[in-house]
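Trainee: Could you take a close look at one helix for me and walk me through how it sits in the fold?

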Amino acid sequence: MDNPRSAHFSEGMGGGRRPGAVRVGIGYDTHRLEPGRPLILGGVEIPWASGLLGHSDADVLTHVIMDALLGAAGLGDIGRRFPDTDPRYKDASSIALLAEVGRAIAAEGWALSNVDAVLIAQAPKIGPYVEQMRGNVADALGVDVARIGVKGTTTEGLGFEGEGLGMSAQAVAMIEAAGG
């Protein structure tokens with residue numbers, strides 16, 4: 001027997017783009033640290049002996065923001081949109097890819113409400129770079145910097161992040177129907 005409440009809920013969503021409609025997406029990513037690579041976080045090159053390993057610039061912070069936004073809009077993930085098997089994305093700027101994601105979301109009728117991201121790493125400390133990271137993300141998405149949250153945390157020396165072998169990040173993004 002059909003559940004009348006779920007049918008009512010589905011019908012009321014109107015495809016999710018009715019005025020005032022909101023969606024939430026999450027992102028999680030991990031990259032290994034590799035000596036001799038540049039460390040790019042939030043589009044900022046941070047002086048450090050090791051950088052993140054990946055096909056693009058491996059900006060783990062920007063990657064989770066893209067995944068959160070794509071998930072909220074129902075547009076898949078960065079692996080499908082920018083596959084590491086495609087040579088066009090070799091050493092690509094993740095901030096430039098984020099701008100593409102922002103345009104794709106806008107084309108679907110969505111606008112960013114806010115994004116909040118956390119970098120998980122024992123070192124380096126990102127405090128001195130947070131405002132520049134927030135500005136880079138806001139510029140790429142064409143929004144006010146007040147809509148962007150970036151912070152860092154350690155694992156108190158535990159796990160691969162605490163041992164300095166890699167970094168991970170998490171983000172949540174909320175989007176709303178444009179004009180809503």
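Mentor: Right after helix α5 comes G142, with a positive phi near 65 degrees. Keep in mind that this is a predicted model, where local features need pLDDT of at least 70, side-chain atom pairs count only at pLDDT 80 or more, and totals for chains, interfaces and linings use all residues. Residues are numbered from 1 along each chain as its sequence is written, and side-chain values use heavy atoms, with hydrogens and water left out.

Now back along α5 itself: residues 130-141 make up its twelve residues, and it reaches 17 Å from its first C-alpha to its last, close to the 16 Å expected at 1.5 Å a residue (that is 1.5 Å times one less than the number of residues). Helices here are DSSP runs of H or I with at least four residues, and strands are runs of E with at least two, numbered from the N terminus.

Which residues of α5 are buried? They are V130, M133, R134, G135, V137, A138, A140 and L141, with buried meaning under 20% relative accessible area (1.4 Å probe, protein chains only). Those buried residues pack against β2 (39-41), β3 (44-46), α2 (60-73), α4 (94-107), β5 (110-120) and β6 (148-153), a contact being heavy atoms within 4.5 Å.

As for the setting, the protein chain has six helices and seven strands, and 44% of its 180 residues count as buried. Residues 24 or more positions apart account for 72% of the chain's contacts with a separation of 6 or more.

Note on methods
Buried < 20%, exposed > 50% of the residue type's maximum accessible area, 1.4 Å probe, protein only.
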